Amino acid sequence: MFARVTTAAVSGALALSALAVPAAQASTAAEVAPTVSDVVVNDGKPIVAGTSSVTFKVSLNASHPTGIKGAWLSVYGYVVDDINGASWLDCTPMSATTSHCEATITLDVVGPDYPEEGDHEPLNLLYSNRQAGTRPVEVGAVAGDESRYWNESYTTHKVLRKSVLTVNASPEPIRKGRTLTVTGRLTRADWEKDTYVALANQYVKLQYKKKNTTGWTTLKTIKSSSTGALKTTTTATYDGSYRYVYAGATTTSAVASREDAVDVQ
């Protein structure tokens, strides 16, 4: 998994044993395990990574009758061996039994500079496009009496490749009733090449907003070319703005281009 806390990152399998005590003091099977609730990753929004690092916050609440000694969370599980990393959280007691735990995590896009080695994938790094998608969120907690909780698939969260969309409407200014040409290009981050590449054969909406209004109207839907290019025409009516909107995909973020204002004479 690839989540890194700014303080430390440790193995998921080792996370629960890191705070272990001698067998004589260890919790017995009859003891109650800690509970974890209110898990929040990036304020509930998808994690969107371009070609540089992306930072986001994570948090959870953990409870146990004997209090909480430590908690951890990992976004981005990818392998199931001892390479797995878990991010220790900073925990603040809310009561004698419950703590609120949080951290800031960074994912770094490194591209071809960090090739895959065998069956293991490094922590914190985005270098393969297959890493995008819906990823498991693992959580764990250690109670004051050393009883432990661990769930490697507590929930899931989306980690997406960032998309970029441009727009240009011309000519400007234009006479009313004339044909306006609207061009643009759709690209997305390629984590393997550490750059943005064409996003082909995707449906994109052309939208219009009349000057001094707030609502957008979809004029038509077109498809990006093999190079990601967009081109269509529309009839100029009133002063207003045009933009392209892409709804996103399973591994790619949604995006709206900037507004391009057109003066109609």
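This report walks through the salt bridges, one strand residue and some unusual backbone spots in a predicted model.

**Charged pairs**

Side chains of opposite charge can pair when their charged atoms come close. In this model the count comes to 4 salt bridges. Three of them are listed here, each with the distance between its closest N and O atoms.

| Salt bridge | Closest N and O atoms |
|---|---|
| Arginine 148 with glutamate 146 | 3.9 Å |
| Glutamate 259 with lysine 209 | 3.4 Å |
| Aspartate 260 with arginine 258 | 3.9 Å |

Let's take the pair of glutamate 259 and lysine 209, with its closest N and O atoms 3.4 Å apart. This salt bridge ties together distant parts of the chain, as its two residues are 50 residues apart. Glutamate 259 sits in the loop between strand E20 (255-256) and strand E21 (260-262), while lysine 209 belongs to strand E16 (residues 203-210). Is lysine 209 buried or exposed? Lysine 209 is buried, at a relative accessible area of 15%, and its partner glutamate 259 is partly exposed at 41%.

In the pair with arginine 258, aspartate 260 counts as buried, because its relative accessibility of 7% falls under 20%. Salt bridges with shared partners also bring Lys69, Glu146 and Arg148 into one network.

**Glutamate 146 and its surroundings**

Glutamate 146 is worth a second look. You will find this residue in the loop between strand E10 (133-143) and E11. Glutamate 146 is buried, with a relative accessible area of 4%, whereas its salt-bridge partner arginine 148 is partly exposed at 30%. The backbone of glutamate 146 also has a positive phi of about 75 degrees, although the residue is not a glycine.

Further along, strand E11 (residues 148-161) holds threonine 155, which is partly exposed at 32% relative accessible area. Which residues does threonine 155 touch, leaving aside its neighbours within four places in sequence? Its contacts are Arg135, Pro136 and Val137. Threonine 155 and valine 39 are 116 residues apart in sequence, yet their C-alpha atoms are 8.5 Å apart in space.

**Other backbone spots**

Most residues other than glycine have a negative phi, and most peptide bonds are trans. Besides glutamate 146, asparagine 201 has a positive phi, here about 55 degrees. Asparagine 201 lies in the loop between strand E15 (195-198) and E16, and counts as exposed at 52% relative accessibility.

The loop between strand E13 (168-170) and strand E14 (179-190) contains proline 171, and proline 173 has its place there as well. The peptide bond from serine 170 to proline 171 is cis, with omega near 0 degrees. Glutamate 172 and proline 173 are likewise joined by a cis peptide bond, with omega about -5 degrees.

Key
Residues are numbered from 1 along each chain as its sequence is written. This is a predicted model: local features need pLDDT of at least 70, side-chain atom pairs count only at pLDDT 80 or more; totals for chains, interfaces and linings use all residues. Side-chain values use heavy atoms; hydrogens and water are left out. A salt bridge is a side-chain nitrogen of Lys or Arg within 4 Å of a carboxyl oxygen of Asp or Glu. Buried means under 20% relative accessible area, exposed over 50%, partly exposed in between (1.4 Å probe, protein chains only). Helices (H or I, at least four residues) and strands (E, at least two) are DSSP runs, numbered from the N terminus. Contact means heavy atoms within 4.5 Å.
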